[in-house]
Amino acid sequence: MQGINNQQAELRALAKIPTSCQMSLLRYGLDGSLLLAAGRDGRIHRWRLPPVGLPLPAADAKSPDAGDTAELPPLVGHNGWISSLEISADGQWLLSADTWRRLACWSLTATAERPHWEHTEAHAGWLRALAVTRDGSCLVSCGADGMVRVWNPADGSLLRQFSGGGQDLYSLACHPDGQRLAVGDLRGGIHVFDLRDGKHLTT
């Protein structure tokens, strides 16, 4: 690789953050000051990070940027394995979904440990994926029921819903223009819809 000398690069761990179970999802807050992790225990674990992003090794402890990672209380309310985490475009809200049909919105700026809003049966079955439009106006969800649902992230109201073209939907991608949505299904199909009205455009 260009730009790397012939000597073996030295890699060192900056920090080790212990967890109690498998963590399948990791997200940073938009400003890098918060680390979020979720997985099979149904909790969203949170760490407030120092300015450098992670604790420095002991040898660098005198650095003015050094500091301890503060573990915050976990966000509790999901019953099953948390399957998706997304952060709103303005960095104010965390959106989460689980295998037991629950969809929830949490404040990333307040100290409240309960959801700002939630739906205990957002889909009929496992929620597979979430996506947020670039302008933050829409939260999209999909899952094992084959449906695509579009929500208002501010209050959790359902804006529209439509069939996603497959029996079990696994993935979502919002186009940067905010008008198109790509949906991936269990059988390898990719379906493109007009996000504004749910019209199928192509597969």
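**Exercise 1. In the hairpin of β1 and β2, find which residue takes a positive phi, and then describe how the strands are joined.**

Step 1: Between the two strands of this hairpin lie five residues, and G32 takes a positive phi near 80 degrees. Strands here are DSSP runs of E with at least two residues, numbered from the N terminus.

Step 2: Strand β1 (residues 23–28) and strand β2 (residues 34–39) run antiparallel and are joined by five bridges, where pairing requires that DSSP finds at least two bridges between two strands. L26 has A37 of β2 as its bridge partner.

The model is predicted, so local features need pLDDT of at least 70 and side-chain atom pairs count only at pLDDT 80 or more, while totals for chains, interfaces and linings use all residues. Residues are numbered from 1 along each chain as its sequence is written, and side-chain values use heavy atoms, leaving out hydrogens and water.

**Exercise 2. Determine which residues of the largest nonpolar core touch the most other members.**

Step 1: A nonpolar core is a set of buried Ala, Val, Leu, Ile, Met, Phe, Trp, Tyr and Cys residues joined through side-chain atoms within 4.5 Å, buried meaning under 20% relative accessible area with a 1.4 Å probe, protein chains only.

Step 2: Among the 14 residues of this core, V140, V148, F162, L172, L181 and V183 touch the most other members. At least two core residues come from each of β9 (127–132), β10 (139–143), β11 (147–151), β13 (169–174) and β14 (180–185).

**Exercise 3. State where pLDDT stays under 50.**

Solution: pLDDT, the predictor's confidence in each residue from 0 to 100, stays under 50 over residues 56–66, whereas the protein chain averages 87.

Key. Helices (H or I, at least four residues) and strands (E, at least two) are DSSP runs, numbered from the N terminus. Buried means under 20% relative accessible area, exposed over 50%, partly exposed in between (1.4 Å probe, protein chains only). Contact means heavy atoms within 4.5 Å.
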